[in-house]
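Open the model in your viewer and keep the sequence panel beside it. This tour moves from selection to selection and says what is there.

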Amino acid sequence: MAAKGNRPAYRCSECGWTTAKWVGRCGECQAWGSVTEVGAVSTRTTAARSVARPAIPIGDVDASRAEAQGTGVPEFDRVLGGGLVPGAVVLVAGEPGIGKSTLLLDVAGRAAREGAAGQERRVLYVSGEESAAQVRSRAERIEAMARTLYLASETDLATVLGQIEQIEPDLVVIDSVQTISSAEVEGAAGNVAQVREVAASIIATAKSRGIATLLVGHVTKDGSIAGPRVLEHLVDVVVQFEGDRHSRLRLVRAVKNRYGPTDEVGCFDLSDVGITGLADPSGLFLSNRTVAVPGTCVTVTLEGRRPLVTEVQALIDQTEMPNPRRATSGLDSSRVGMILAVLGTRARAPIGRKDVFMSTVGGVRITEPAADLALTLALASALTDQALAMGTVAFGEVGLAGELRPVTGAHRRLAEAARLGFTTAIVPPGVLGGGPVPDGLRVIEVATVLEAVQVAAGVPTR
């Protein structure tokens, strides 16, 4: 029998979770077949005789070392929380061909140019998927050329670390972490052991030298980041690159951020000449119509502190099938199903034997409950074939009892709607007493879904 302090241990290859006995499913990440024996775990570790870096009072810590430096791309800085912190490691994940390399090459070029205008700022771009000539061709096309931007086409970890030691950059971009491999670890590039070794070595170098590092990560078919789960725990920031391949709009969200908020979103326009930040993207999510159309409603969502005016569309069609279709694009299907149930039960809407199709405009995805009221009014408008008035917006959360609940940031939403020329806002109770209403905007408070449908139908169209 093994000693209690030196018994076999098992570790999950996906997230690093350890257990004293083998199990078929990881207790942390719930992955099957990922727990393997790693040897003995000793509990006889004693305190070190001397400490190289003793603990100091928190007030004596130099906070300037954690100050963010702008990358030259304001939309990317917004997501990061102001910029890149020296020594921070950022993991940028997204589907193939969505624009990750284009964005990071643009960030590298702008960061190098801004540094060259003032103090020297070196940037190293390591590509494991393309040659240096291919990267330069893209840099010329998107105008990312800079004197202090260095390119290296490498897949060997030791060579990459040697390049960092020789150039001593302020910013490193590695595209991608799954293509780099170490000769000291068995297996091909991209497997669990290789990704863990590459990430750990690069992060250790970044922390010891104070180098901001951007790592590109691939995603699996279900949209999660490929490789071991421990990769997300090791880095400081995880950024998700989203967008429809058939649309030019790209959204960047922070899933994890040790230096700033995780609810901000950056909007970009991807074209043949590069990627451009959109400081005011609200117009992209609206239809260019001059007449009212049934089945449409405009809402105002909040992405972090940024209000976005978005249009939702609904189409209802009669069907003879026993199971009507419920198709959504850019919306949470379970949320839409709940609203359909509330409409059918609380507002007596005859939608039981009808196909329902709902979508957003511009490829944006809405997950905020504040859009519930707009979805409800769009469905009611499509069902009655009566268009809402032009210049009308609606926001509010719908409850299962048919009541409307208030949402956060109501007056920021109203201000954005007024700025874009909307004249009528249908909102939950309590908004009028929470602050001043923008000039030229008529605010109508409604308490229930039935009342909202009746009010929307009574607002005269223009």
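**Disulfides and cysteines**

Begin with the cysteine sulfurs. How many disulfides does the structure hold? This predicted model holds zero disulfides. A disulfide is a covalent bond between the sulfur atoms of two cysteines. Next, select Cys267. Is Cys267 buried or exposed? Its relative accessibility is 0%, so Cys267 counts as buried. Move on to Cys297. Here the relative accessibility is 2%, so Cys297 counts as buried too.

**The whole protein**

Zoom out and show the cartoon. The protein has ten helices and 21 strands. Its C-alpha trace spans about 75 × 65 × 50 Å along the principal axes. Colour by accessibility: of the 462 residues, 46% are buried. Now consider the contacts between residues at least 6 apart in sequence. Of these, 65% join residues at least 24 apart.

**Around Cys297**

Go back to Cys297 and display its strand. Cys297 lies in β13, which covers residues 296-303. Add Leu286, eleven residues away in sequence. The C-alpha atoms of Cys297 and Leu286 are 9.9 Å apart. Then show the contacts of Cys297, leaving out neighbours within four places in sequence. Which residues does Cys297 touch? Thr310, Glu311 and Val312 are among them. So are Ala374, Leu377 and Ala378, along with Leu388 and Ala394. Keep Ala374, Leu377 and Ala378 in view: the next helix to select, α8, covers residues 372-384.

**Helix α8 against α7**

Select α7, residues 333-346, together with α8. Their axes come within 10 Å and cross at roughly 60°. The two helices are therefore oblique to each other. The crossing of α7 past α8 is right-handed. Show side chains at the contact. On the α7 side, pick Arg335, Val336, Met338, Ile339, Leu340 and Leu343. On the α8 side, pick Asp372, Leu375, Thr376 and Leu379. By class, the residues of this α7 and α8 contact are seven nonpolar, one polar and two charged.

**Helix α8 against α10**

Hide α7 and bring in α10, residues 449-458. The axes of α8 and α10 lie 10 Å apart, and the helices pack at an angle of about 55°. What is the orientation of α8 and α10 to each other? The pair is oblique, as the angle therefore places it. α8 passes α10 in a right-handed crossing. From α8, select Leu373, Thr376, Leu377 and Ala380. From α10, select Val449, Ala452, Val453 and Ala456. The contact of α8 with α10 has seven nonpolar residues, one polar residue and no charged ones.

Pause on two residues of α8. Thr376 meets α7, and Thr376 also takes part in the contact with α10. Leu377 takes part in the contact with α10 and touches Cys297.

**Last stop: Ser201**

Finish in α5, residues 192-209, and select Ser201 there. Is Ser201 buried or exposed? At 16% relative accessibility, Ser201 counts as buried, because the cut-off is under 20%. Which residues does Ser201 contact, setting aside neighbours within four places in sequence? They are Leu157 and Leu161. Show these two leucines with Ser201 to close the tour.

Conventions:
Residues numbered from 1 in each chain as written. Predicted model: local features only at pLDDT ≥ 70, side-chain atom pairs only at ≥ 80, totals over all residues. Heavy atoms only, no water. Axes fitted to C-alpha atoms, helices over the stretch in contact; angles between N-to-C directions. Helix = DSSP H or I, 4+ residues; strand = E, 2+ residues; numbered from the N terminus. Parallel < 35°, antiparallel > 145°, perpendicular 65-115°, else oblique. Left-handed = near helix turned anticlockwise from the far one by under 90°. Contact = heavy atoms within 4.5 Å. Nonpolar A, V, L, I, M, F, W, Y, C, P; charged D, E, K, R; others polar. Disulfide = S-S within 2.5 Å. Buried < 20%, exposed > 50% of the residue type's maximum accessible area, 1.4 Å probe, protein only.
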